[in-house]
Amino acid sequence: MKNKRFFISEAVGCGFIYAAAICLHFIFQWCGPGALTILFGAVNESVWEHVKIFSAAYAAWALLQLLWLQVEFRQYVVAKCVGLYLLMGGIIGIHYGCTLLTGRHIAWADILGAAVIVVLAQITSYRLTVGSRPLREYFAPALCLLMLYYLMFFSFTIYPPRLELFRDPASGGYGYLENTVERFRK
C-alpha cells in the first residue's frame, strides 16, 4: 500500500462522510419509512440519530476503501474501529460539552464539531493503519467492539434506552416507534 494514496483517500473520505451523513439525515423524510431509511437514516433529531448517520457514512467509506486499496486487513480493521469509536464519542462529547458550557443547544456548533470530529477520526485511522506499531493483535477485540456497536446501531433506533441521548428534542419521544406514533396522533 502506498501511504500517499491512502492519505489522499482518507482526506477525500472526510468530504464523502460529511456529505453522505447530510443525505442520511434527510433520507427518512425524503423517502418515508422503509427498512433501509429507518436503519440508516435519522428518524428523529436525537443525538443518537446523528451519531448513527455519521457512523453509517464512516463505515460505508471504510468499506469502499477496503475494496480499492491494498491494506493489511487486520491493522485496517483495528484502526477503523478506533476511528469509529472516536467519531461516536466525539459527536456526543461536542454536543453535550457545548450544551453544558452555554446552557443551550447550538446547532452550528454541532455541525462544525461533527466536521472536526470526522477529520480527527480519519487522521487517527490513517496514522494507526500506516504506523509502525502492529495492531493486528487487537483484531479480535476490535471485531467484538464493531459487532457490539452495530448491534446497538440496529437496535437503538427501534428500541432505544430511555436516556437523554436517544430523546428527540422536538417530540420528546424515543426512537422510531414512539416518534411514528406521535406523528399519527397529530
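Mentor: Let's start with a term: a pocket is an open set of grid points with protein on both sides within 12 Å along at least five of seven lines, and its lining residues have an atom within 4 Å of a point. Keep in mind that we are looking at a predicted model.

Trainee: Thanks! How many residues line the largest pocket, and which lie nearest its centre?

Mentor: The lining of the largest pocket holds 24 residues, and those nearest the centre are E45, H50, H105, D110 and I111. The volume of this pocket is about 530 Å³.

Trainee: Which helices supply at least two residues each to that lining?

Mentor: Four helices do so: α1 (3–31), α3 (47–68), α4 and α5 (107–130). By class, the lining of the largest pocket has 14 nonpolar, six polar and four charged residues.

Trainee: What about the second largest pocket, and which residues lie nearest its centre?

Mentor: There, A62, L63, V77, K80 and L146 lie nearest the centre, out of 14 lining residues. The elements giving two or more residues to this lining are α3, α4 and α6. With six residues, α4 contributes the most. The second largest pocket encloses about 290 Å³ of space, and its lining is made up of 13 nonpolar residues, one charged and no polar.

Trainee: Those helices keep coming up. What describes two packed helices?

Mentor: Two numbers do the job: the angle between the axes and the distance between them. Take α4 (residues 73–102) and α6 (residues 139–155), whose axes lie 9 Å apart at an angle of about 45 degrees. That angle makes α4 oblique to α6.

Trainee: Is the crossing of α4 and α6 left-handed or right-handed?

Mentor: The crossing of α4 past α6 is left-handed. On the α4 side, the residues in contact are F73, R74, V77, V78, C81, L84, Y85 and M88, and they meet F139, A142, L143, L145, L146, L148, Y149 and Y150 of α6. This contact counts 15 nonpolar residues, one charged and no polar.

Trainee: Let me try α3 with α4. At what angle do their axes cross?

Mentor: The crossing angle is roughly 160 degrees, and the axes come within 10 Å. The two helices are therefore roughly antiparallel to each other, since angles over 145 degrees count that way. α3 passes α4 in a right-handed crossing.

Trainee: Which residues make the contact between α3 and α4?

Mentor: From α3 come V47, W48, V51, F54, S55, Y58, A62, Q65 and L66, while α4 brings F73, Y76, A79, K80, G83, L84, L87, M88, I91, I92, H95 and Y96. Sorted by class, the contact of α3 with α4 comprises 16 nonpolar, four polar and one charged residues.

Trainee: One last pair, then: how do α1 and α3 cross, left-handed or right-handed?

Mentor: α1 passes α3 in a right-handed crossing. The axes of α1 and α3 come within 8 Å, and the angle is roughly 140 degrees. Their contact divides into 17 nonpolar, five polar and two charged residues.

Definitions and conventions
Residues numbered from 1 in each chain as written. Predicted model: local features only at pLDDT ≥ 70, side-chain atom pairs only at ≥ 80, totals over all residues. Heavy atoms only, no water. Axes fitted to C-alpha atoms, helices over the stretch in contact; angles between N-to-C directions. Parallel < 35°, antiparallel > 145°, perpendicular 65-115°, else oblique. Left-handed = near helix turned anticlockwise from the far one by under 90°. Contact = heavy atoms within 4.5 Å. Nonpolar A, V, L, I, M, F, W, Y, C, P; charged D, E, K, R; others polar. 1 Å grid on protein atoms, 1.4 Å probe; cavity = no way out; pocket = protein on both sides within 12 Å on 5 of 7 lines; lining within 4 Å. Points joined across faces, edges and corners; volume = space filled by probe spheres on them.
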